[in-house]
Amino acid sequence: MTDVQPLLPVETLPDFGEPSADLQDRLAGWLSDFTSLQEHTELLARARGLAATLDTVLDSGAALLGARRGLIVTVRPGPARTLGRPVGLGLDRSMLGALETVPAEHGPFAELLSHPVRGGRLLIDDLATDPTVGPRFREVAAQLGLGACYALPLATEADGPLGAAAWFYDEPGRPDERREHLAQRYCEFAAQLLARQLEAEQAVRATEALRRGLLPDHLPTVPGVKIAARCRPGALERSAGSAWYDAIALPDGTLGLTVGSVLGDGPGAGPGSAPGAAAAMGRVRAALRAYAVLEGEDPVSVLGDLELLLKTTEPTRSATAVYACVNPDDRRISLAGAGHCPPVLLTRFGANFVETSLSAPLGMLSCWEAPGVELTAEPGDVLVLYTESLARRCGSTLHGGQAALRRAASDAPRDVRLDPDRLCEHLLAPAVAGDGPAEDDLVVLAVRFD
């Protein structure tokens, strides 16, 4: 093997000599700053969701600037460009409330939210004496023990102002030039990520508004019964379907009740199919309402018509559903289910499942058919309809979750049983308290007979 030769003979390389101590110190400082900035940007890149992003910006900015407290606010896109709710670091709710009373033109952000400029920043090194500080800001700063303020815009050339962040020092002073430079570079990087987070947040809000609009905005008032329902939407990015509930006052004086779920784009549908499933859910729910008005006293016919419509107009989707027709006068209940969890009837003796026959979801077989169930409730009884996702959140398995939900209904205090609203909250509580947000919609509907 031949030896590797240098590009230039060693004797011809210039002699730079030993680096000076001053140069070594500067190189070490640059390396330290680069490492610190990289660590904080990596933390920011790993943040998931708008709330986590804002918290990370505050934490990292405080570390880079040597501050102890901070405040960040975002600008919601749109013609009005309204401000989002402020997020604080080292500030409790009352402190945030006090800072919100400061007029925007004299506050910790001044004009950074409306006319940010590249490299712009707001520095007030003595909040007690600076003549540009408005009287209200000076008063609040004194109450909270704020001595100085350093704020930076969060903006991009493409999006304009996205927000601003301010950090506070307990004593008058200012960050040194090195800290300022690090914070400015960090906020320039943070603004790019914030733009994407705000865009995603806006899309989620718009979709959630659409989903809420597809569900009833109120439940009917029917003599002889009290009705309540709750829906906790699942995370759109992880959900594969969309659920509905409804209560329909029918022309003959009876009441139609339904809970169901539409699954996304055919077999194997996964996360990301929820928006399409939500739109399909709205169509299916509207069709079910029409069938209920036409033949609501026969739940089997209602679900049979719905299955035919689903196969004709939504051939790549399936749905689970339960539909019940209730006569408030004699408390007679007729119901049928299609691949759905059995309802729970809560009586003075406890809670039991209303066993519907086993059947496939709508749209899964060549022809759906299942017998209906009839029963009569007593005064004070409560009929509870719910989604499979709610049961699964209450236990490690579907069967275990259903049993836990039944026990929760049976163990509900008497005053909770008397109020369907409180009963719905009671039944949702264990599921909402579970680890992480629910992947699918959690729905419960309760009807109490007087």
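This is a short guided tour of the structure, one selection at a time.

Before you start, note that this is a predicted model, in which local features need pLDDT of at least 70 and side-chain atom pairs count only at pLDDT 80 or more, while totals for chains, interfaces and linings use all residues. Residues are numbered from 1 along each chain as its sequence is written, and side-chain values use heavy atoms, with hydrogens and water left out.

**Stop 1: strand E9**

Select residues 319–327, which form strand E9. Helices (H or I, at least four residues) and strands (E, at least two) are DSSP runs, numbered from the N terminus. Here 9 of the 9 residues of E9 are buried, so the strand is largely enclosed by the rest of the structure. Buried means under 20% relative accessible area, exposed means over 50%, and partly exposed lies in between (1.4 Å probe, protein chains only).

Now colour the two faces of E9. On one side you will find Ala319, Ala321, Tyr323, Cys325 and Asn327, and on the other Thr320, Val322, Ala324 and Val326; all are buried.

Add strand E8, residues 255–263, which runs antiparallel to E9 and is joined to it by 8 bridges. Two strands count as paired if DSSP finds at least two bridges between them. Leucine 257 has alanine 324 of E9 as its bridge partner.

Next, show strand E10, residues 332–338. E9 and E10 are antiparallel too, with 7 bridges between them, and tyrosine 323 stands opposite alanine 336 in E10. The hairpin of E9 and E10 has 4 residues between the strands. Pick arginine 331 in that loop: its phi is positive, about 60 degrees, although arginine 331 is not a glycine.

**Stop 2: the nonpolar cores**

Which residues touch the most other members of the largest nonpolar core? Select Leu257 and Ile333, which do so in a core of 53 residues. A nonpolar core is a set of buried Ala, Val, Leu, Ile, Met, Phe, Trp, Tyr and Cys residues joined through side-chain atoms within 4.5 Å. A second, separate core has 30 residues, including Leu54, Val57, Ala62 and Leu193. In soluble globular proteins, nonpolar side chains tend to be buried together.

Keep leucine 257 selected and show what surrounds it. Leaving aside neighbours within four places in sequence, leucine 257 is in contact (heavy atoms within 4.5 Å) with residues including Asp246, Tyr323, Leu383, Leu445 and Val447.

**Stop 3: helix H3**

Move to residues 93–100, helix H3, and highlight its buried residues Leu96, Ala98 and Leu99. Seen down the axis of H3, these fall within an arc of 160 degrees, so they line one face of the helix. The arc is that of the directions from the helix axis to the C-beta atoms. To see what they pack against, show strand E1 (69–74), strand E2 (87–89), helix H4 (135–144) and strand E5 (160–169). Turn to the face away from the buried side for the exposed residues Arg93, Ser94 and Glu100.

**Stop 4: threonine 156**

Select threonine 156 in strand E4, residues 148–156. Is threonine 156 buried or exposed? Threonine 156 is buried, with a relative accessible area of 10%. The side chains of threonine 156 and aspartate 159 are joined by a polar contact of 2.8 Å. A polar contact is a pair of N or O atoms within 3.5 Å; within protein, one must be able to donate a hydrogen and the other to accept it, and residues adjacent in sequence count only if both atoms are side-chain atoms. Not counting residues up to four places away in sequence, threonine 156 also touches Leu162, Ala191 and Gln192.

**Stop 5: salt bridges**

A salt bridge is a side-chain nitrogen of Lys or Arg within 4 Å of a carboxyl oxygen of Asp or Glu, and the count by this rule comes to 17. Select aspartate 170 and arginine 68, whose side chains meet in a salt bridge of 2.9 Å, N to O. The pair links distant parts of the chain, 102 residues apart: aspartate 170 sits in the loop between E5 and helix H5 (177–213), and arginine 68 in the loop between helix H2 (50–65) and E1.

For another pair, choose glutamate 388 and arginine 392, at 2.8 Å, N to O. Both lie in helix H8 (residues 388–393), 4 residues apart, about one turn of the helix. Glutamate 388 is partly exposed at 29% relative accessible area, and arginine 392 is partly exposed at 43%.
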